[in-house]
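The following exercises invite the reader to work through one structure step by step. Each task is followed by a worked solution.

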Amino acid sequence: ADVEALCGPGAGGLTLLGLAASAPSCRHGPALLFVKTSQGAEEGRRFYACSACRDRKDCNFFQWEDEKVSETRLAAREEYNRTHQPSRTHRQNVERYKNFIVLPLAKRRFCQECQQLLLPAEWEKHSDHQLLCDISTAQLQSPSQLLYPLENKKTNAQYLFADRSCQFLLDLIIDLGFSRVLSVGTPRLHEMIQSKASKEEDFRVRSLLLDIDFRYSQFYTEDEFCHYNMFNHHFFAGEAAHETCRRFLHQDNGERVIMVTDPPFGGLVEALASSFKRLMAMWKSTEKEDPVSQEMPMFWIFPYFFESRILEFFPSFTMMDYQVDYDNHALYKHGKTGRRQSPVRIFTNLTPRVIVLPAEEGYRFCSICQRYVSSGNQHCEICNSCTSKDGRQWKHCFLCKKCVKPSWFHCNNCNCCALPTHACEKAAAGCFVCGQAGHKRSTCPSLSRS
């Protein structure tokens, strides 16, 4: 079986069951439990697969739940997981950084091929590699500029906030009165906070970065960075890192802390939501005078077309109109128009009206919806809401009884709005995949065979 085939967009018979107590582990921590169903089967066969990688080229871990694994194979797996961990510990990297920072500028070098800071004794070993020399303190405070982004969409998808979006988020956090930020997969926001804290004495915001990219351990102490997998809530350094996170959340009795997360867009929403709820539970365990029922304040940054999935797990969340853009993404950049606009939004459990969006970028306040919206998001009196999701003005369809994208038209065959070029004859015949009647796409025999 191929996990990529099972987890791909066409695999309608795949369900994530979550993190089992007795789950086996790959090098990315405990595996997730899935179930694969085929047509006519009441209950499919369950299997474990890597939590972080949907492509088996990146991590080929796979095990049927009912599979008997021999002691020899278990030992081999443990050895493989051990040998595929980083060669240095976080503490060793911190010590290396202390030695690196006291070097004169002319002796500060960074190996681009190995993605690591080099001490003089290591130069000869990397002599035939591409090196960056004269590494400044400013560069050390911006490691995301030194490190190559990990851009596998199905594994890391390490797209980094553009300065515009990063500065907006930080200004918003400060205006809302937060003094601590749990930065889950947001290295650029973390480094902006760290940099300001080192330069400005009156800057009171602090950040803890949780990220699966262990390269950041070269630049941050164990109180500033935890090696963390957000798909299975796994702290690679074990209880010590878990305690670091707990202490950070419990400072000031759990007050004035917000979680900001920017997961890979190809990640499973169910797995992410499960981990975020565990982080919230860690915060909620603060011994307050009065037990609180509310959730930890949170910004979840994700594409708008995942809105229904996010609200399924966090009904208290609202999607903001602010378009988040990225430096190293081909499309998601500020200033693009129409369908080229960034689809990435901020989902939050904070009261929408307190999220003030910049007027100079065309955002305005809707007094009826009590939230800031984009200039093209016009209030629909029939829906009684600002209905646009993508920044364009949407139109109301009286037959569908809702607003739809401006390029969509009502199709009488499908009895819903769609693009004029959609293949409605397949929908009328039955299955969208094979065109046969009597079943839907999710149970198509063609998918089961593939």
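**Exercise 1. Determine which residues Thr244 touches, leaving aside residues up to four places away in sequence, and decide whether Thr244 is buried or exposed.**

Solution. The model is a predicted one, and the contacts are read from its atoms.

Step 1. Locate the residue: Thr244 lies in helix 8.

Step 2. List the contacts. Beyond the neighbours up to four places away in sequence, Thr244 touches Leu208, Glu222, Asp223 and Cys226.

Step 3. Apply the cut-off for burial, which is a relative accessible area under 20%. Thr244 has 10% relative accessibility and therefore counts as buried.

**Exercise 2. Describe helix 8: how many residues does it have, which of them are buried, and what do the buried ones pack against?**

Solution.

Step 1. Helix 8 covers residues 239-250, twelve residues in all. From first C-alpha to last it reaches 16 Å, close to the 16 Å expected at 1.5 Å a residue.

Step 2. The buried residues of helix 8 are Ala241, Thr244, Cys245, Phe248, Leu249 and His250.

Step 3. To read the spacing of such a list, recall that an α-helix has 3.6 residues a turn, so residues three or four places apart point the same way.

Step 4. The partners of these buried residues include strand 10 (180-184), strand 11 (206-211) and strand 12 (225-229). Strand 13 (234-235), strand 14 (257-261) and helix 9 (269-284) are also packed against.

Step 5. One buried member, Phe248, has Arg180 over the face of its ring, at 5.7 Å from the ring centre.

Step 6. After the helix comes Asp252, with a positive phi near 55 degrees.

**Exercise 3. State the order of the strands in the open sheet of eight strands, and explain why strand 13 and strand 16 are left without a neighbour on one side.**

Solution.

Step 1. The order is 13-12-11-10-14-15-17-16, and the pairing is mixed.

Step 2. Strand 13 and strand 16 (318-319) stand at the edges; each has a single partner strand, so one side of each lacks a neighbour in the sheet.

Step 3. At one edge, strand 12 and strand 13 run antiparallel and are joined by two bridges. Asn229 has His234 of strand 13 as its bridge partner.

Step 4. At the other edge, strand 16 and strand 17 are likewise antiparallel, with two bridges between them.

**Exercise 4. Establish how many residues of strand 17 are buried, and which residues stand opposite Phe347.**

Solution.

Step 1. Strand 17 spans residues 344-348, and five of its five residues are buried, so the strand is largely enclosed by the rest of the structure.

Step 2. Val344, Ile346 and Thr348 point one way, while Arg345 and Phe347 point the other way.

Step 3. Trp300 stands opposite Phe347, and so does Met319.

Step 4. Strand 15 (residues 298-303) pairs with strand 17 in the antiparallel sense, over five bridges.

**Exercise 5. Find where His233 lies, and say how far its C-alpha is from that of Ser275.**

Solution.

Step 1. His233 is in the loop between strand 12 and strand 13.

Step 2. His233 has a relative accessibility of 13% and so counts as buried.

Step 3. Although His233 and Ser275 are 42 residues apart in sequence, their C-alpha atoms are 5.0 Å apart in space.

Step 4. Among the residues that His233 touches, apart from those up to four places away in sequence, are Tyr228, His242, Ser275 and Arg278.

**Exercise 6. Characterise the aromatic pair of Tyr228 and Phe235, and one further pair.**

Solution.

Step 1. The structure holds 20 aromatic pairs. Tyr216 and Phe225 form one that is tilted, 6.5 Å centre to centre with 50 degrees between the planes. Both Tyr216 and Phe225 are buried.

Step 2. The pair of Tyr228 and Phe235 is also tilted, at 4.7 Å centre to centre and 50 degrees between the planes.

Step 3. Tyr228 counts as buried because its relative accessibility is 1%. Phe235, with a relative accessible area of 6%, is buried as well.

**Exercise 7. Summarise the chain as a whole: how many helices and strands does it have, and what share of its residues is buried?**

Solution.

Step 1. There are twelve helices and 25 strands in the chain.

Step 2. Of its 450 residues, 48% count as buried.

Conventions
Residues are numbered from 1 along each chain as its sequence is written. This is a predicted model: local features need pLDDT of at least 70, side-chain atom pairs count only at pLDDT 80 or more; totals for chains, interfaces and linings use all residues. Side-chain values use heavy atoms; hydrogens and water are left out. Helices (H or I, at least four residues) and strands (E, at least two) are DSSP runs, numbered from the N terminus. The expected span of a helix is 1.5 Å times one less than its number of residues. Buried means under 20% relative accessible area, exposed over 50%, partly exposed in between (1.4 Å probe, protein chains only). Contact means heavy atoms within 4.5 Å. Rings of Phe, Tyr and Trp (its six-membered ring) pair if their centres lie within 6.5 Å; planes under 30 degrees apart count as stacked, over 60 as edge-to-face and the rest as tilted. A charge sits over a ring if NZ of Lys or CZ of Arg is within 6 Å of the ring centre and within 35 degrees of the ring normal. Two strands pair if DSSP finds at least two bridges between them.
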